[in-house]
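Student: Please take me closely through one part of this structure, a single helix, and tell me how far I can trust what I see. I would like the cut-offs along the way.

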Amino acid sequence: MSNIEDITKRNLESIIDSRETFILSVTGRSMLPLLGRGDSKIILRRVSKDEDIYGRIAMFRASNGHIVIHRVIRIEGDDVILKGDGNIVQEERCSRSEIIAVVEQELYSNGDTVECRSWQWRVKEQIWLSTPLFIRRYVLALMHRWYDRKQNKR
């Protein structure tokens with residue numbers, strides 16, 4: 001791990017520990033198409049240990065030590081199973097105590113926000129999550145190509 005990554009990780013840890021809510025940029029593509037479509041950011045809120053998180057987009061520490069933001073798809077006792085909306089197969093597992101925060105809002109570059117519990121967000125969520133996997137696979141492939149081309153033009 002480089003020194004820059006280590007400093008960033010420590011800064012993130014101190015932010016999480018010291019604030020109830022915090023803003024992060026979405027850097028990966030595993031939550032496409034709902035999150036990670038460009039320069040949007042997310043507003044997260046620390047979560048209490050007894051809060052219902054089923055179906056929520058949650059931040060957790062993966063077994064490799066990375067901080068990941070994925071959707072809670074199942075809860076089996078103390079085990080929480082998560083999956084990125086843009087992942088067709090891969091699931092992660094962590095304990096309930098490793099859930100750090102939940103996504104409350106998405107913040108767009110123009111300053112607009114959308115609540116992740118609003119009816120508009122829920123409609124987009126339900127449309128995507130109910131789309132058959134074989135269609136999602138093609139939509140994601142097109143989105144990845146589009147983002148790759150956009151990145152290469154910079």
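Tutor: Happy to help; what follows looks at one helix, then at an aromatic pair, the cysteines and the confidence.

This is a predicted model, in which local features need pLDDT of at least 70 and side-chain atom pairs count only at pLDDT 80 or more, while totals for chains, interfaces and linings use all residues. Residues are numbered from 1 along each chain as its sequence is written, and side-chain values use heavy atoms, with hydrogens and water left out.

Let's take helix α2, residues 119-130. Helices here are DSSP runs of H or I with at least four residues, strands are runs of E with at least two, and both are numbered from the N terminus. The expected span of a helix is 1.5 Å times one less than its number of residues. For the twelve residues of α2 that gives 16 Å, and the end C-alpha atoms are indeed 16 Å apart, so the two agree.

Now look around the axis. W121, E125 and W128 are buried in α2, where buried means under 20% relative accessible area, exposed over 50% and partly exposed in between, with a 1.4 Å probe and protein chains only. These three cover an arc of only 70 degrees, so they sit on the same side of α2; the arc is taken from the directions between the helix axis and the C-beta atoms. On the face turned away from that buried side are the exposed residues W119, I127 and S130. The cover over the buried residues includes strands β3 (57-61), β4 (67-76), β7 (99-107) and β8 (113-115), together with helix α3 (133-152).

Elsewhere, W146 and Y147 form an aromatic pair, edge-to-face, at 4.8 Å centre to centre with 70 degrees between the planes. Ring centres must lie within 6.5 Å to pair; planes under 30 degrees apart are stacked, over 60 edge-to-face and the rest tilted. W146 is partly exposed at 48% relative accessibility, whereas Y147 is buried at 9%.

As for cysteines, the structure holds zero disulfides, a disulfide being a pair of cysteine sulfur atoms within 2.5 Å. The sulfur of C94 is 19 Å from the closest one, in C116, which is too far for a bond. C94 is buried at 3% relative accessibility, and C116 is buried at 5%.

Finally, confidence: pLDDT, the predictor's confidence in each residue from 0 to 100, averages 86 over the protein chain, and 92% of the residues score at least 70. Helix α1 (residues 3-18) is lowest, with a mean of 61, and strand β5 (residues 79-83) is highest, at 96.

Key. Contact = heavy atoms within 4.5 Å. Phe/Tyr/Trp six-rings, centres within 6.5 Å; stacked < 30°, edge-to-face > 60°.
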